[in-house]
Amino acid sequence: MSWVTKTLNSTLGQKLLMALTGFFLILFLVVHLAGNLQLLIPDNGESFNLYAHNMAINNFIRSVSIINFGLILLHVVYSVILTKHNKKARPVGYAETDASTNSTWASRNMGILGTLILIFLLVHLRGFWYRLKFGSPDKVLLGDTEVDNAFIIVVEAFKNPIYVGFYVISMVFLAFHLSHGFASAFQTLGINHKKYTPLIQKVGLGFAILIPTLFAMIPIVMYIQSL
Amino acid sequence: MNLTLKVWRQKNASDKGGFREYKVKDISADMSFLEMLDVLNEELLEKGEDPVHFDHDCREGICGMCSLHINGKPHGPSQTTTCQLHMRSFKDGQTITIEPFRAKAFPVVKDLVVDRGAFDRIIQSGGYVSVNTGGVPDANEIPIPKVLADEAFDAATCIGCGACVAACKNASAMLFVSAKISQLSLLPQGRVERKERAEKMIAQMDKEGFGACTNTGACSAECPKEIKLSNIARMNREYFKASVTTENV
Ligand code: HEM
Ligand code: SF4
Ligand code: FES
């Protein structure tokens, strides 16, 4: 396997792993959002609880979620390796730089944006995932099966304006991360073509605006409903 | 015009170095940036001081020898080489900060002179065609589509100045290496060794201590020869393809 490790340990190989895991995370965002949007269905959380229950008992989904955790970890580990390597490549910095004229702010701050997203992910997992898995969540009857009342945990969490604010701001960071990351991952994979690159960039920008906005909308709406 | 120059002075590679301020007077707007530094150096020599060391050779924008990070940008405010930058790009009374290109792989030799030998070693590792291509062939004997010829020629205009490395937040050499890989892999004579070339040149690039690519695009935006980012994508393709298909286990 030496050629595999050699390739994946090169700067290009490490970026390839960043791009592939990034793509997977993009896909995960879409699936996650589809689930979250069920919170807004006005049926007292029935759809959402059913969805959460099905996620928890389906073995395929559970394997995917373990892979998902693994890939987030890989994305984070390689972001640390790459960012450190890149810092080391310029031990003495410039007294004066004028970077805003040659590149976007997001592209220059992927490490900071990623770290802020990571902090959000940890708080987010502690608040929802951990409580469902290891806490003792309330039960609710769905037809004749008793399931965890995931809905009520979310309702309670989004009564807190500080948590809602934190959530919304984190989605702004995600938006900036994606505004560069989406198109950048294509370039890393070697996909750059006169016909498609302008489209990829537009779709990337649209994705970076739309997905985080929809995510952020949910806590805002639920907070207003709780008033 | 009269200017204040903040110039990086450093005796040798091991010296810590620091900025020194100089005033230059009666500079013509038609002078090139290097001619302005010549004026400064003549004054310094007259005073018996050590002149400011900087790299240059052709002074017509084709050799890639001149460097300098001027007011926060490699080769200064316009997208050209420092030797082709003219003083009309600056205002009377302005302060100009002049630093060497900064990268671990480009150590400072003295003042503003950096050692860009890392680029030479990358070329030596595979940036050539090793088969004898014979004498000049008849026109159109080797059919090459015009689009490919143009693309290869565009990549071949890279003069190896290192501004891409200087501009990149990661001090990455991807634009340079991708231009060299593209130029050869697009043409029939270079295709023969394209896989080994990609593997060897990228291994050498990493060995020299250049950073990775975050795809910020700063390199291409500052490149005096407007080398395109699509070359980096091509290099990635060449490298990944080579890695899975060569006989080198
Ligand atoms: C759902 C969350 C996330 C998504 C969808 C995502 C997506 C992406 C994508 C698509 C890229 C571009 C890859 C490329 O340039 O080829 C990227 C780059 C990056 N990500 Fe993430 N990411 C996420 C979370 C994180 C986290 C938690 C971190 C960690 C600290 C992080 C750190 C980075 C860094 C540092 C880069 C740039 C690496 C470089 O080229 O220098 N990301 N991300
Ligand atoms: S790619 Fe452009 S900036 Fe980089 S070495 Fe070649 S000519 Fe200079
Ligand atoms: S001195 Fe040759 S390109 Fe500037």
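In the next few minutes I will go through a helix pair in chain B, the surroundings of ligand 2, and the contact between chains B and A. Please keep in mind throughout that this is a predicted model.

Let me begin with the two helices, H5, which covers residues 174–185 of chain B, and H7, which covers residues 194–207 of chain B; their axes are 11 Å apart and they pack at an angle of about 165°. Angles over 145 degrees count as roughly antiparallel, and H5(B) and H7(B) are therefore roughly antiparallel to each other. Their crossing is right-handed. On the H5(B) side the contact is made by Met174(B), Val177(B), Lys180(B), Ile181(B), Leu184(B) and Ser185(B), which meet Arg194(B), Arg197(B), Ala198(B), Met201(B), Ile202(B) and Met205(B) of H7(B). Sorted by class, this contact has eight nonpolar residues, three charged ones and one polar one.

H5 of chain B comes up again when we turn to ligand 2, which is surrounded by 14 residues, the closest being Cys158(B), Cys161(B), Gly162(B), Cys164(B) and Cys223(B). The elements that give two or more residues to this shell are H5 and helix H4 (163–167) of chain B. As for the character of the shell, eleven of its residues are nonpolar, two are polar and one is charged.

Finally, the interface: 47 residues of chain B are in contact with 37 residues of chain A, and the area buried between the two chains is about 3400 Å², with carbon and sulfur atoms giving 54% of that. Within chain B, the residues that lose the most area to chain A are Arg102(B), Asn215(B) and Phe240(B), which together account for 17% of what that side buries.

How values were computed: Residues numbered from 1 in each chain as written. Chains lettered and ligands numbered in written order. Predicted model: local features only at pLDDT ≥ 70, side-chain atom pairs only at ≥ 80, totals over all residues. Heavy atoms only, no water. Axes fitted to C-alpha atoms, helices over the stretch in contact; angles between N-to-C directions. Helix = DSSP H or I, 4+ residues; strand = E, 2+ residues; numbered from the N terminus. Parallel < 35°, antiparallel > 145°, perpendicular 65-115°, else oblique. Left-handed = near helix turned anticlockwise from the far one by under 90°. Contact = heavy atoms within 4.5 Å. Nonpolar A, V, L, I, M, F, W, Y, C, P; charged D, E, K, R; others polar. Near = heavy atom within 4 Å. Buried area = accessible area lost by both parts, 1.4 Å probe.
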